[in-house]
Amino acid sequence: SPNFQRSEFTCNHCGELPHDPPQKLLDLLEDIRAEFDKPVVITSGWRCKTHNANVGGAKNSKHLEAIAADIQVSGVDPVSVHAYCSARMSGWGGLGKYATFTHVDVREDGPARW
């Protein structure tokens, strides 16, 4: 996509990525970037099983499927990012609010919020 490189989604542990992120995830990230007009930093994209376990990730984490990203928008409070994503992702995907980042994923098994 115009503002994201494949390398930004690789595992922080092994450096691998089994396949490109889905277009739906890239489109969502591009929308977030456009909304805030600021860079979006992917702090965690795909995770290998070892890395997911090391960071305490859920056993069925969407990071394991390469359909999720933990993000920070430069200079924007994660509460604001979460609020935008909540409206943008109404009825679909996964969305998690954390103190320092926002989790987004493009799951197709119904919406999930935490």
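Ala, Val, Leu, Ile, Met, Phe, Trp, Tyr, Cys and Pro count as nonpolar, Asp, Glu, Lys and Arg as charged, and the others, Gly among them, as polar. The model is predicted: local features need pLDDT of at least 70, side-chain atom pairs count only at pLDDT 80 or more, and totals for chains, interfaces and linings use all residues. Residues are numbered from 1 along each chain as its sequence is written, and side-chain values use heavy atoms, with hydrogens and water left out.

**Exercise 1. Describe the largest pocket by its volume and its lining.**

Step 1. Start with the volume. It is about 310 Å³. (A pocket is an open set of points on a 1 Å grid over the protein atoms alone, where a 1.4 Å probe fits, with protein on both sides within 12 Å along at least five of seven lines; lining residues have an atom within 4 Å of a point. The volume is the space filled by probe spheres set on the points.)

Step 2. Go to the lining. It has 21 residues, and R47, A58, S61, H63 and H103 lie nearest the pocket's centre. The elements β1 and β4 each give two or more residues to this lining. (Helices are DSSP runs of H or I with at least four residues, strands are runs of E with at least two, and both are numbered from the N terminus.)

Step 3. Sort the lining by type. Five residues are nonpolar, 10 are polar and six are charged.

**Exercise 2. Place D105 and list its polar contacts.**

Step 1. Find the element. D105 belongs to strand β4, residues 102-105.

Step 2. Is D105 buried or exposed? D105 is buried, because its relative accessibility is 0%. (Buried means under 20% relative accessible area, exposed over 50%, partly exposed in between, with a 1.4 Å probe and protein chains only.)

Step 3. Look for polar partners. The D105 side chain makes a polar contact with the side chain of H103 at 2.8 Å. The D105 side chain also reaches the backbone nitrogen of G94, at 2.9 Å. (A polar contact is a pair of N or O atoms within 3.5 Å; within protein, one must be able to donate a hydrogen and the other to accept it, and residues adjacent in sequence count only if both atoms are side-chain atoms.)

Step 4. Add the wider surroundings. Beyond neighbours within four places in sequence, D105 is in contact with K62, I67, A68, M89, W92, G93, G94 and W114. (Contact means heavy atoms within 4.5 Å.)

**Exercise 3. Follow the contact from D105 to K62.**

Step 1. Locate K62. It sits in the loop between α2 (49-54) and β2.

Step 2. Check burial. K62 counts as buried because its relative accessible area is 13%.

Step 3. List the contacts. Neighbours within four places aside, K62 is in contact with I67, A68, D105, R107 and D109.

Step 4. Compare sequence with space. K62 and P78 are 16 residues apart in sequence, and their C-alpha atoms are 20 Å apart.

**Exercise 4. Name the central residues of the largest nonpolar core, then follow F9 to W46.**

Step 1. The core has 28 residues, and F9, L29, I32, I71, C85 and V104 touch the most other members. The elements α1 (23-36), β1 (40-44), β2 (68-73) and α3 (78-88) give two or more residues each. With six residues, α1 gives the most. (A nonpolar core is a set of buried Ala, Val, Leu, Ile, Met, Phe, Trp, Tyr and Cys residues joined through side-chain atoms within 4.5 Å.)

Step 2. Read the partners of F9. Not counting residues up to four places away in sequence, F9 touches F4, L17, P21, L25, L26, L29, I42, G45 and W46.

Step 3. Move to W46. It lies in the loop between β1 and α2. W46 is buried because its relative accessible area is 13%.

Step 4. Find its polar partner. The W46 side chain reaches the backbone oxygen of L64 at 3.1 Å. E65 is 19 residues from W46 in sequence but 6.9 Å away in space, C-alpha to C-alpha.

**Exercise 5. Compare the phi angles and burial of D37 and A66.**

Step 1. Take the angles. D37 has a positive phi of about 50° although it is not a glycine. A66 is also a residue other than glycine, and its positive phi is near 60°.

Step 2. Place both. D37 is in the loop between α1 and β1, and A66 is in the loop between α2 and β2.

Step 3. Check accessibility. D37 counts as exposed because its relative accessibility is 66%. A66 is buried, with a relative accessible area of 4%.
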